[in-house]
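Welcome, and thanks for taking a look at this one with me. Here are some notes to help you find your way around.

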Amino acid sequence: MHDDVPAQLARIADALGRLAPAAAPAPDFAAARLFRHDPAAGAFIAAPDYALALDLLVGIERQKQILTANLERFAAGLPANHTLLWGVRGTGKSSLAKAAFMAVAAANPDLKLVEVDRDEVTALPGLFETLRPLPQRFVILCDDLSFEEGASAAKALKSALEGGVLGPPTNTLFVATSNRRHLMPRDHGEAKGAVAAAEDAEEEVSVSDRFGLWIGFPPMDQDAYLDAVNTYAGRFALAVPDLDRRALRWSQLRGARSGRVAWQFIRDLAGELKKPLPL
């Protein structure tokens, strides 16, 4: 019987090996510039380049200059700040984050962007540690960030940005977009006692303080909206005689003026004129 023990142990080890989850594939960051992180699989999924050119984003010149300068410093290995783009919905926060990255990455092939889902904030400390020893430099983008899960997600983000005893990784820069400056959900505290809600609020506000750079996006006025429409129409050769009137009518039906509404109008116009658009 003793002679059978090694064989039995080998069979048990083989069976356990088959039950164990497969190891995550080594990331191939040479495959693309943009990636999507899948924390469940530990994988980095390559994505196509973002097609919207930076110069097509109008009405936010100051925001473009500030964010681009910060990304250029980071790409060059100089000090740079984690960045929060906050403000009215549809004003170009997400588009600017990706378009500015593409503009800077064109001259910096080792600069990569990794997008993370806002519901996976608790996985950020592990992600940052995975990226720490790698030679590339990574912009970590979280779109529409808010702490719907409360203080636990806020603590995870603080841990990622501060890096624990090792300090924050020097090759990662966190960029988030949000409709709210302090990242708290609108129903914050409704289902909690006053003390618990106040403690969670303090935790969540303290995270926003970890962003060294806050870039605000105010509502778009009519002139800026028409400027965006005309810029898009000129770039894509969408000529109609009553462009401004039609664009204003479109915004009135939507009840809003923003870069997103301008682009949606342009998509409708391009479809009407049977002309393709890059995205």
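The points below go from the strands to single residues and then to the empty spaces.

1. A word on the source. Please keep in mind that this is a predicted model. Residue numbers start from 1 along the chain as its sequence is written.

2. The hairpin. A good place to begin is strand 1, residues 34-38, which runs antiparallel to strand 2, residues 43-47, with 5 bridges joining the two. Together strand 1 and strand 2 make a hairpin with 4 residues between them. In that turn you will find G42, whose phi is positive at about 65°. To see how the two strands line up, look at L34, which stands opposite A47 in strand 2.

3. From the hairpin to strand 4. Strand 1 is also joined to strand 4, residues 111-116, by 3 bridges, and this pair runs parallel. L34 turns up again here, with L113 as its bridge partner in strand 4. F35 stands opposite V114 in strand 4. How many of the residues of strand 4 are buried? The count is 5 of its 6 residues, so "mostly covered" is a fair description, buried being under 20% relative accessible area.

4. On to strand 5. Strand 4 runs parallel to strand 5, residues 137-142, and 6 bridges join them. One position to check is E115, which stands opposite L141 in strand 5. Helix 4, residues 124-131, belongs with these two strands: strand 4, helix 4 and strand 5 make a right-handed β-α-β unit.

5. F44. This residue is found in strand 2. Is F44 buried or exposed? It counts as buried because its relative accessible area is 15%, below the 20% cut-off. Leaving aside neighbours within four places in sequence, F44 is in contact with P27, F29, F35, R36, H37, V114, L127, T130 and L131. The C-alpha atoms of F44 and F29 are separated by 8.4 Å, and the two residues are 15 apart along the chain.

6. Q136. Just look in the loop between helix 4 and strand 5 for this residue. Q136 has 17% relative accessibility and therefore counts as buried, since the limit is 20%. Not counting residues up to four places away in sequence, Q136 touches F29, D110, K112 and N171. F29 is thus worth a second look, as it is listed among the contacts of F44 and of Q136.

7. H82. This histidine lies in the loop between helix 2 (61-75) and strand 3 (83-87). H82 is buried, with a relative accessible area of 15%. What does the side chain of H82 reach? The partner is the backbone nitrogen of F174, at 2.9 Å. Beyond neighbours within four places in sequence, H82 is in contact with L161, T172, L173, F174, R210, F211, G212 and L213.

8. Two positive phi values outside glycine. A237, in the loop between helix 7 and helix 8 (243-254), has a phi near 55°, a positive value in a residue other than glycine. A237 is partly exposed, with a relative accessible area of 45%. K274 is found in the segment after helix 9 and has a positive phi of about 60° although it is not a glycine. K274 counts as exposed because its relative accessible area is 74%, over the 50% limit.

9. The largest pocket. Its volume is about 440 Å³. Which residues lie nearest its centre? They are G90, G92, K93, S95 and R260, out of 25 residues that line the pocket. The elements that give two or more residues to this lining are helix 3 (93-105), strand 6 (172-178), helix 7 (222-235) and helix 9 (259-272).

10. The cavities. The structure holds 3 cavities of 30 Å³ or more. The second largest cavity has a volume of about 40 Å³. Its lining is made by H37, P39, V116, D117, E120, A123, L124 and L127. Two of these names link back to point 5, as H37 and L127 are among the contacts of F44.

Conventions:
Predicted model: local features only at pLDDT ≥ 70, side-chain atom pairs only at ≥ 80, totals over all residues. Heavy atoms only, no water. Pairing = 2+ DSSP bridges. Buried < 20%, exposed > 50% of the residue type's maximum accessible area, 1.4 Å probe, protein only. Right-handed = clockwise from strand over helix to strand, strands pointing away. Contact = heavy atoms within 4.5 Å. Polar contact = N/O pair within 3.5 Å; in protein donor to acceptor, adjacent residues only side chain to side chain. 1 Å grid on protein atoms, 1.4 Å probe; cavity = no way out; pocket = protein on both sides within 12 Å on 5 of 7 lines; lining within 4 Å. Points joined across faces, edges and corners; volume = space filled by probe spheres on them.
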